[in-house]
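Student: Hi, could you walk me through this one? I'd like to ask things as we go.
Tutor: Sure, let's put it on screen first.

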Amino acid sequence: MTVKTRQQANLLLLLFPATAWLIVFFILPVIIVLLYSFLERGTYGGVTWIFTLSNYQRLFSGLFWGVIGRSIWLAFLTTVACLLVGYPLAFFIATRSPRWRNALLLLVIIPFWTNFLVRTYAWIILLRSEGVVNTALQSLHIITEPLNLLFTPFAVAIGLIYGYLPFMVLPLYSSIERFNFSLVEAAQDLGANDIRTFWRVFLPLTTRGIVAGSILVFVPAVGAFITPDILGGSKTMMVGNLIQNQFFKARDWPFGSALSMLLTVIVLIPVLSYFRVSDKTQS
Amino acid sequence: MTKLDLRVRAIGNKWLWIQATLAFAFLYLPILILIIYSFNTSKFNAVWRGFTLDWYRSLFSDAGTLGIVSSSSAGIWTALNNSLLIAVISTLLATIFGTAIALALERFHFPGRKTVETLVFLPIIMPEITIGISLLVFFTLIFRIVENLTGIHLNLGLPTVIIGHVTFNISFVTITVRARLAELDPILEQAAFDLGANEWRTFWRITLPLIWPGIFSGALLAFTLSLDDFVVTFFTTGVGSMTLPLFVYGMIKFAVTPAINAISTLMLLASLLLVVSSLRVKKS
């Protein structure tokens, strides 16, 4: 065996397991879902092998714009909120001394490593009628009746922001940490004040982190399932809940598949455009 | 700098501190309240009625079923066992596959490299529910075909959950190991080749020890993600494969008691331990 063929054999050996696995258990299932979205539903759930466009017609008929629109809107709101909270936080951490920086980063990462269900459940304790927030407000005589905070879009939004804030902070921190602060000196030597320096010099150079963080928040938020399920109840459904509902309760697998494909498309658009743009800026 | 600029800077600094404190409070208060109320005697109220360990004790009685009547009668300890089993097996497989792919992508140039890269990257960006649903659809179809062809009736259960976990964990391991590989200077491996070692020898004696922290980090990440996973597990699980997150979910939806706080606190402690150990590894 020549060196080259042995190298090629090694390469194939390394590539094969993971690639085969992902094709069989990731790509193939998604293709089957795509296929199912064009079929008719079966009597006891599952599918009947009859081709139809009715699932997509139903999807775009307007009945579900509420849920789909709410998902995109909540995800967008969450992204903006995480940006507004996360940017100053990332700036704060990046401008501390190295020893503090690592400790503070750790403090941001720890919630990220804990169970998402548990973190979301904490908000039930806070927001329910006999919960901490209501009890506190009542004992301070700010309100007399408990506020209805749980199972509202507000609760879902808070849960999403809480869950995904670390995803925003980390890329922002990465971007800010790389910033060359001598540029600030240069700008100020040229006469700019702090605010001007921030808007015209600092902010534009952290765009990379902003975009990365936004995608890392928006994508899981739009497909969120746990948060709206636990904090939203049946009144605040998002696409993820609707999909689960179709598969388990309504037993309309083809329609659920169509929803799933729609979610995939909604998610792929920002991600693919990010890659296209970042490829361009790199070359 | 003008006086105005100095004022702006001082105010800006003050607000920065305030904002950071509020942000950290936002991140940690819910968790702290969760932990504190796991010791509260009162079942529902937010009012503190007294310190108790009863909720923790209830985890150990009735085989940990915590009063939930379910078809599988699985208690919390069965769920934890399943979670650990799934995590160990899926981490093992994902780490082997992920490390292999990371080596292929970092050390070789071949046509289709970009495609493989994208393939490995996709499971991370796809929403978990899409992965879960597609696996559910996939497995039920396969099971129906197998039953039609051989009469063997397969069901969703531990193996399907494990397959699901491996599927999304490969990507995380790959990214972690690749990051570590990229830091390595290929000159070390080059030197080994020049000295006459073949690929396997070089790999075992040079590359592997050097990337070991990356492999370990990746494995730890995969292990944590597997233990914590809910969505993919939810759609690929069957009777008899209750996992810890599924159990907690059941309690949250159907039997809310501070026992959930107790379980949560223990889970938080476990996560903290994992974070600390992953940092220890990174330091070495």
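**Talking through the model**

Tutor: Chain A has 13 helices and two strands in its secondary structure, where helices (H or I, at least four residues) and strands (E, at least two) are DSSP runs, numbered from the N terminus. The radius of gyration of chain A is 24 Å, well over the 19 Å that the globule rule gives for 283 residues, so chain A is more spread out than a compact globule. That radius is taken over C-alpha atoms, and the globule rule is 2.2 Å times the number of residues to the power 0.38.

Student: Before we go on, what kind of model is this?
Tutor: This is a predicted model: local features need pLDDT of at least 70, side-chain atom pairs count only at pLDDT 80 or more, and totals for chains, interfaces and linings use all residues. Residues are numbered from 1 along each chain as its sequence is written, while chains are lettered from A and ligands numbered from 1 in the order in which they are written.

Student: Got it. What are the ipTM and pTM?
Tutor: The model scores 0.88 for ipTM and 0.88 for pTM.

Student: And the mean pLDDT of chain B, what is that?
Tutor: It is 86 for chain B, with 94% of the residues at 70 or more; pLDDT is the predictor's confidence in each residue, from 0 to 100.

Student: Where in chain B is confidence lowest, and where highest?
Tutor: Helix α7 (residues 187–194) of chain B is lowest, with a mean of 78, and helix α9 (residues 231–236) of chain B is highest, at 95. Where pLDDT is low, the predicted coordinates should not be read in detail.

Student: Back to chain A. What box does its C-alpha trace span?
Tutor: About 80 × 70 × 35 Å along the principal axes of chain A. For chain B, the C-alpha atoms fill roughly 85 × 75 × 30 Å.

Student: How many helices and strands for chain B?
Tutor: Chain B has 11 helices and zero strands. Its radius of gyration is 24 Å, whereas a compact globule of 284 residues would be near 19 Å.

Student: What percentage of each chain is buried?
Tutor: Buried residues are 42% of the 283 in chain A and 40% of the 284 in chain B. A residue is buried if 20 or more other C-beta atoms lie within 10 Å of its own, exposed if 12 or fewer, and partly exposed in between, with C-beta atoms placed from the backbone.

Student: Let's switch to the pairing. How many residues does each chain bring to the contact?
Tutor: Chain A brings 62 residues and chain B brings 64; two residues are in contact if their C-beta atoms, placed from the backbone, lie within 7 Å. On the chain A side, helix α1 (residues 3–36) gives the largest share, 17 residues. That side divides into 46 nonpolar, 13 polar and three charged residues. Here Ala, Val, Leu, Ile, Met, Phe, Trp, Tyr, Cys and Pro count as nonpolar, Asp, Glu, Lys and Arg as charged, and the others, Gly among them, as polar.

Student: What domains does chain B have?
Tutor: The assignment gives domain 1 (1–52) and domain 2 (62–283) of chain B; such bounds come from an automatic or database domain assignment. Their C-alpha centres lie 34 Å apart, and seven residues of domain 1 of chain B contact seven of domain 2 of chain B.

Student: Which residues of the largest nonpolar core touch the most other members?
Tutor: Among its 143 residues they are Ala90(A), Trp123(A), Tyr164(A), Met168(A), Val169(A), Ala221(A) and Ile101(B). A nonpolar core is a set of buried Ala, Val, Leu, Ile, Met, Phe, Trp, Tyr and Cys residues joined through C-beta atoms within 7 Å. Helix α7 (residues 153–177) of chain A gives the most to this core, 16 residues.

Student: What does Tyr164(A) contact, beyond neighbours within four places in sequence?
Tutor: Thr78(A), Cys82(A), Val217(A), Pro220(A) and Ala221(A).

Student: Last pair: is Val47(A) buried or exposed?
Tutor: Val47(A) is buried, because it has 21 C-beta neighbours inside 10 Å. Val47(A) sits in strand β2 (residues 47–51) of chain A.

Student: And Ser97(A), buried or exposed?
Tutor: Ser97(A) is exposed, because 7 other C-beta atoms lie within 10 Å. Ser97(A) is in the loop between α3 (65–94) and α4 (98–113) of chain A.
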